[in-house]
Amino acid sequence: MKAADDAEDEASNGGGGNNHDEAAEILSDLVQNQMSIRSINDNSQLFEAQTTALQQLLQQGGASAAAKQQAIHSIFDDAAANGDGEKKHLFWDTQPMLSLNDANNNSNTSNNNNSSLPDPNWHKPIVPDKEKSELRQEPYNMPKGFEWCEMDITDADQRTEIYDLLYQNYVEDDDGCFRFDYSRDFLTWALTPPGYLKQFHLGVRSCKSSRLMALITAVPAKVRVYGVEKNMAEVNFLCVHRKLRSKRLAPVLIKEITRRVNYTGVFQAVYTAGVKLPGSVASCRYYHRTLDARKLVEIGFTRLAPRMTMARMQKLFKVPADPITKGLRPMTPEDVPAAHKLVVKYLEKFKLSVVFSEDEFAHWLLPRKGVVSSFVRVNDDGYITDFCSYYHLHSSVLGNPKHNTLNAAYCFYNVAATVSLTALVKDCLILAKNEEMDVFTALNLMENDQFLEELKFGMGDGNLQYYVYNWFCPTMTHNDVGIVLL
Ligand code: MYA
């Protein structure tokens, strides 16, 4: 009872109580909550073992909130690290990726390496760049009955084809309750940054019906890894129609996009996946902040913790009606030069980060309704001092009689200079709630660890692995990551 009452107090003062016992109680409730929060991700099979370990931890009692939180982290990190084990990968073992041995041998270097200076033994391509003439000149062969196509995302019909393929076949949670539903506007945004190329929006059609059956995309980006800046491709939206699964089509898509990217003189790529494949450089975890408790319970995204009623849960997760930070307002085109400087400078502190040009920053961060929301804080002298943003990625709710869509905001890039990151993200929760979001999701990358507990995020059941293709570098921890992929 006490925990619930305290939680109500927490809710009414917006969180952030100081008392350790109270915090431990509340954490216990949140952990119960965490155990049922789903991440829509392509690998959450580890979840059962993690849940058992968490239950044991909770039964122990006595530990402080901080100790419990620490223990929770290690349970999930160990599970993530063990996810792939010694598994053989017919395709990935042939690719220029960091091997498990490289990563293990290097873990000491990784932990102690705070320098941004490149180490001559690392920080280089695994396979050297090739001249155009040395590259395969013709596309890889498609299985009989299928053909390659380049998709034009600016064409409404082709955009709908991409939308439909992903809407019906893209990433689901393990139980098949939720599937990402990237909107058409979102897809246009994601696939048209400055310098994008149509030949990197690669589809596979059935020759007979002309129907789009598979997709893989790449867009250009400058990425910094341990201080080395490289032009790379960001690879995303790998999708094979469910009727064509397990036929080794994915490796052909990956090889063909690699060939096309290589042809433009680019030999590195960055991508994320829920599955643990060879060569991951970092493992991040999803955290979710409930905004609409009733809906999340009704769709099975989360559940009522023991000792919790719906009314209490709603109160626990209630947010103020309006943002609190003085001077916070949506970013406008005039703000871009100053906001760009602020964000780019901030991202220098991470081992893996994006390096935005001003044009790229404008593309990725200027607000687009229903796609991306960005805010600047302007001080009394008119200077931009802080920045925060989130993007809108909804999911289909599968087989629920009452709800079709889960409206989710995803934490994007934030820079807190004159207020705390917690205060800034708390305002994001409020703004997202006012944009009808049901949940606010964040990865534990960059400095996000700072606000997760205080703002009542619950740990999700999915990890997100970060990969750098064809780059020999030490692995890193989640808070070394300063790039968010869509
Ligand atoms: S992550 C999102 C991935 N998409 C989904 O999860 C949507 C739903 N699932 C599907 O559509 C299919 O299951 C997919 C696999 C297409 C995922 N990334 O054809 P298969 C390997 C990389 O028989 P299918 C995103 O978009 C698997 O380990 N590889 O399998 C980023 C096995 O290889 P190996 C993956 O189930 C994408 C092989 O595929 C993934 O029919 C980054 C089996 O092929 C995955 N997520 O199709 C791509 N899942 O035997 C890499 C499975 O070796 C880019 N596999 O274990 C690399 C950089 C390229 C550019 C480089 C330029 C320099």
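This briefing describes the chain as a whole, the surroundings of its ligand, two aromatic pairs and a few individual residues. The structure is a predicted model, and its chain contains 15 helices and 17 strands. Of the 486 residues of the chain, 57% count as buried, and the ligand is covered as well, since the protein buries 90% of the 1200 Å² that the ligand exposes when taken alone.

**The chain as a whole**

- When contacts with a separation of 6 or more are considered, 77% of them in the chain are made by residues that stand 24 or more positions apart.
- The chain exposes about 20900 Å², and carbon and sulfur atoms supply 48% of that area.

**The ligand and its shell**

- The shell around the ligand holds 36 residues, and among these H89, W92, L238, S246 and A250 come nearest.
- Sorted by residue type, the shell around the ligand divides into 24 nonpolar, 8 polar and 4 charged residues.
- Two backbone atoms are placed at 2.7 Å from polar atoms of the ligand: a backbone N or O atom of W92 lies 2.7 Å from an oxygen atom of the ligand, and a backbone N or O atom of L238 lies 2.7 Å from a nitrogen atom of the ligand.
- The side chain of Y170 also takes part, with a polar atom that lies 3.4 Å from an oxygen atom of the ligand.
- Taken alone, the ligand would expose 1200 Å², but the protein buries 90% of this area.
- The elements that give two or more residues to the shell are strand β5 (228-240), helix α9 (249-263) and strand β6 (269-273), and the largest share, 8 residues, comes from α9.

**Aromatic pairs**

- The chain has 26 aromatic pairs in total, and one of these is formed by Y163 and Y167, whose rings are stacked at 5.5 Å centre to centre with 20° between the planes.
- Both of these tyrosines lie in helix α7 (residues 156-169), where Y163 and Y167 are 4 residues apart, about one turn of the helix.
- The two partners are covered to unlike degrees: Y163 counts as buried because its relative accessibility is 12%, whereas Y167, with a relative accessible area of 33%, is partly exposed.
- Another pair is formed by W189 and W364, whose ring centres are 5.3 Å apart and whose planes meet at 75°, so this pair is edge-to-face.
- Because W189 lies in helix α8 (residues 184-191) and W364 in helix α13 (residues 358-365), this pair ties together parts that are 175 residues apart in sequence.
- Both tryptophans are buried, W189 with a relative accessible area of 0% and W364 with a relative accessible area of 8%.

**The loop residue D335**

- D335 is placed in the loop between β8 (328-330) and α12 (336-347), and it counts as buried because its relative accessibility is 6%.
- The side chain of D335 makes a polar contact with the side chain of R329 at 2.6 Å, and the side chain of D335 also reaches the backbone nitrogen of T332 at 2.8 Å.
- If residues up to four places away in sequence are left out, the residues that D335 touches are R329, P330, V376 and I384.

**Two residues with positive phi**

- H123 has a positive phi of about 55° although it is not a glycine, and H123 lies in the loop between α6 (107-112) and β1 (146-150).
- With a relative accessibility of 8%, H123 falls under the 20% limit and therefore counts as buried.
- S246 likewise has a positive phi, near 60°, in a residue other than glycine, and its place is in the loop between β5 and α9.
- S246 counts as exposed because its relative accessibility is 79%, which is over the 50% limit; this value takes only the protein chains as cover, and S246 is also one of the residues that come nearest to the ligand.

Definitions and conventions. Residues are numbered from 1 along each chain as its sequence is written. This is a predicted model: local features need pLDDT of at least 70, side-chain atom pairs count only at pLDDT 80 or more; totals for chains, interfaces and linings use all residues. Side-chain values use heavy atoms; hydrogens and water are left out. Buried means under 20% relative accessible area, exposed over 50%, partly exposed in between (1.4 Å probe, protein chains only). Contact means heavy atoms within 4.5 Å. Accessible areas come from the Shrake-Rupley method with a 1.4 Å probe; for residues, only the protein chains shown count as cover. A residue is near a molecule or strand if one of its heavy atoms lies within 4 Å of it. A polar contact is a pair of N or O atoms within 3.5 Å; within protein, one must be able to donate a hydrogen and the other to accept it, and residues adjacent in sequence count only if both atoms are side-chain atoms. Ala, Val, Leu, Ile, Met, Phe, Trp, Tyr, Cys and Pro count as nonpolar, Asp, Glu, Lys and Arg as charged, and the others, Gly among them, as polar. Rings of Phe, Tyr and Trp (its six-membered ring) pair if their centres lie within 6.5 Å; planes under 30 degrees apart count as stacked, over 60 as edge-to-face and the rest as tilted.
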